[in-house]
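This report introduces one protein chain to a reader who has not met it before. The sequence and the structure are shown first, and the description follows.

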Amino acid sequence: MKLKKGDNVKIVLGKDKGKEAKIEKVFSKTQKVLVHGVNQYKRHLKARSQGQPSEIVTITKPLPLSNVALICPHCKFPTRIGFKVEKNDKIRVCRKCNKKI
Ligand SMILES: [Zn+2]
């Protein structure tokens, strides 16, 4: 998985295209990410019991990984991620400025 929780991403596809926000959760199995405040839908919940009002809740749906681009914390541009091995550790690097992310 190239992205992780806390990464800042830019939405490049879909209804929230252009928005920038932080990743809240990564689903590596389905290759999806949950981005704060992005891809929100309103769902109308019907009252389950008498006397309880029905309500509208906002839910955030995960986005496919291909819909987001990581924003490099160094050069501040949406970038592709590269990998480098440093001291037996696989590290992520920005393809634009080559700095560690
Ligand atoms: Zn960069």
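Of the contacts in the chain with a separation of 6 or more, what percentage is accounted for by residues 24 or more positions apart? In this predicted model, such residues account for 37% of those contacts.

The secondary structure consists of ten strands and zero helices. Read along the sequence, the pattern is accordingly β-β-β-β-β-β-β-β-β-β.

With regard to overall dimensions, the radius of gyration of the chain is 18 Å, whereas a compact globule of 101 residues would have one near 13 Å. The C-alpha trace spans about 65 × 30 × 20 Å along its principal axes.

The accessible surface of the chain comes to about 7400 Å², and carbon and sulfur atoms contribute 50% of it. Of the 101 residues, 27% count as buried. The chain carries 26 positive and 7 negative charges, and the mean positions of the two groups lie 4 Å apart.

In soluble globular proteins, nonpolar side chains tend to be buried together. Here the largest nonpolar core holds 13 residues, and Leu-3, Val-9, Val-35 and Val-68 touch the most other members. Four strands each supply at least two residues of this core, as listed below.

| Strand | Residues | Supply to the core |
|---|---|---|
| β1 | 8-11 | at least two residues |
| β2 | 20-27 | at least two residues |
| β3 | 32-35 | at least two residues |
| β7 | 68-71 | at least two residues |

Val-35 illustrates the surroundings of one core member. Leaving aside neighbours within four places in sequence, Val-35 is in contact with Val-9, Ile-11, Ala-21, Lys-22, Ile-23, Glu-24, Thr-60, Leu-63 and Val-68.

Note on methods
Residues are numbered from 1 along each chain as its sequence is written. This is a predicted model: local features need pLDDT of at least 70, side-chain atom pairs count only at pLDDT 80 or more; totals for chains, interfaces and linings use all residues. Side-chain values use heavy atoms; hydrogens and water are left out. The radius of gyration is taken over C-alpha atoms; the globule rule is 2.2 Å times the number of residues to the power 0.38. Buried means under 20% relative accessible area, exposed over 50%, partly exposed in between (1.4 Å probe, protein chains only). Contact means heavy atoms within 4.5 Å. Accessible areas come from the Shrake-Rupley method with a 1.4 Å probe; for residues, only the protein chains shown count as cover. Lys and Arg count as positive and Asp and Glu as negative; His and the chain ends are not counted. The place of a charge is taken as NZ of Lys, CZ of Arg, CG of Asp or CD of Glu. A nonpolar core is a set of buried Ala, Val, Leu, Ile, Met, Phe, Trp, Tyr and Cys residues joined through side-chain atoms within 4.5 Å.
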